[in-house]
Amino acid sequence: MAEKIAIASDHGGFDLKTQLKQELERLGFEALDLGTDGPASVDYPDFAVKMALALKSGPATRGILICGSGIGISIAANRHPHIRAALCHDHLTAYLARWHNNANVLCLGGRTTGVDVARDCLQVFLGTEFEGGRHQNRVAKLG
């Protein structure tokens, strides 16, 4: 059975979310789309709450959140103690988010991150395991 990855965005991330949802499926993951369903203006904190609920209750194991810059939605997501959301801009930040921080939510900016870079971040984020070891104590203090 394929790992289920939740994905959500506000209006500023809708186009990128649509493309990354297709990429998730191409990579063999099951995408759980939490909205938004179009470009009409919506409030990004609402989608961070949906993500937090999806990860807490178990339908999804990890998530992808997108707003215009990625900043607001990452702040909103990190208000939930079981979420470790990382705003990533490139291959290295996506790698370190998983390798050192055991991030469970990748955040991206729909207006600041190109599609190819976003796809690369997604692939690296989903393909990198947490190193543990010396990082485990630090991560345990996050939530």
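How many bridges join strand 4 to strand 5, and do they run parallel or antiparallel? In this predicted model, 3 bridges join the two strands, and strand 4 and strand 5 run parallel. That pairing is a good place to start a walk through the sheet, the helices around it and two residues in a loop.

## The sheet as a whole

The sheet is an open one, built from 5 strands in the order 2-1-3-5-4, with parallel pairing. Its edges are strand 2 and strand 4 (85-87), each of which pairs on one side only. Direction ignored, neighbouring strands of this sheet are turned by 25 degrees against each other on average.

The strand pairs can be set side by side, each with an example of bridge partners.

| Strand pair | Bridges | Example of bridge partners |
|---|---|---|
| Strand 1 and strand 2 | 4 bridges | K4 and E30 |
| Strand 1 and strand 3 | 5 bridges | I5 and R62 |
| Strand 3 and strand 5 | 5 bridges | L65 and C107 |
| Strand 4 and strand 5 | 3 bridges | A86 and L106 |

## Strand 1 and its neighbours

Let us follow strand 1 (residues 4-9) first. With strand 2 (residues 30-33) it runs parallel. If you would like to trace the ladder between them on your screen, begin at K4, whose bridge partner in strand 2 is E30. Next, I5 has A31 as its bridge partner in strand 2, and I7 has D33. I5 also has a bridge partner in strand 3, namely R62. Strand 1 and strand 3 run parallel as well.

How much of strand 1 is buried? The count is 5 of its 6 residues, so strand 1 is largely enclosed by the rest of the structure. The link from strand 1 to strand 2 involves helix 1 (residues 14-26): strand 1, helix 1 and strand 2 make a right-handed β-α-β unit.

## Strand 5, covered on both faces

Strand 5 (105-109) lies across the sheet from there, and here 5 of the 5 residues are buried, so strand 5 is largely enclosed by the rest of the structure. In a regular strand the side chains alternate between the two faces of the sheet. Both faces of strand 5 are covered, with V105, C107 and G109 buried on one side and L106 and L108 buried on the other. Two of these residues also appear in the table: C107 is the bridge partner of L65, and L106 is the bridge partner of A86.

Helix 5 lies across strand 1, strand 3 (62-67) and strand 5, and runs at about 170 degrees to strand 5. On the other flank of the pairing, strand 4, helix 4 and strand 5 make a right-handed β-α-β unit.

## Helix 4 beside helix 5

How do the two helices just named meet? The axes of helix 4 (residues 91-99) and helix 5 (residues 115-127) come within 8 Å and cross at roughly 25 degrees. That makes helix 4 roughly parallel to helix 5, and their crossing is right-handed. The residues that meet are H91, A94, Y95 and R98 from helix 4 and D120, C121, V124 and F125 from helix 5.

## Two buried residues in one loop

The loop between strand 2 and helix 2 holds L34 and also T36. Is L34 buried or exposed? L34 is buried, because its relative accessible area is 16%, and buried means under 20%. Leaving aside neighbours within four places in sequence, its contacts are A6, I7, A8, F47, K50, M51 and A54. Of these, I7 is the residue whose bridge partner in strand 2 is D33. The C-alpha atoms of L34 and A48 are separated by 9.7 Å, although the two residues are 14 residues apart along the chain.

T36 is buried too, with a relative accessible area of 10%. Helix 2 (44-57) follows the loop in which T36 sits. Again leaving aside neighbours within four places in sequence, T36 is in contact with S9, D10, H11, F14, K17, V42 and F47. F47 is thus a contact of T36 and is also listed among the contacts of L34.

How values were computed
Residues are numbered from 1 along each chain as its sequence is written. This is a predicted model: local features need pLDDT of at least 70, side-chain atom pairs count only at pLDDT 80 or more; totals for chains, interfaces and linings use all residues. Side-chain values use heavy atoms; hydrogens and water are left out. Two strands pair if DSSP finds at least two bridges between them. A crossover is right-handed if, with the strands pointing away from the viewer, the path from the first strand over the helix to the second runs clockwise. Buried means under 20% relative accessible area, exposed over 50%, partly exposed in between (1.4 Å probe, protein chains only). Contact means heavy atoms within 4.5 Å. Axes are lines fitted to C-alpha atoms, for helices over the stretch in contact, and angles run from 0 to 180 degrees between N-to-C directions. Angles under 35 degrees count as roughly parallel, over 145 as roughly antiparallel, 65 to 115 as roughly perpendicular and the rest as oblique. A crossing is left-handed if the near helix is turned anticlockwise from the far one by less than a right angle, and right-handed if clockwise.
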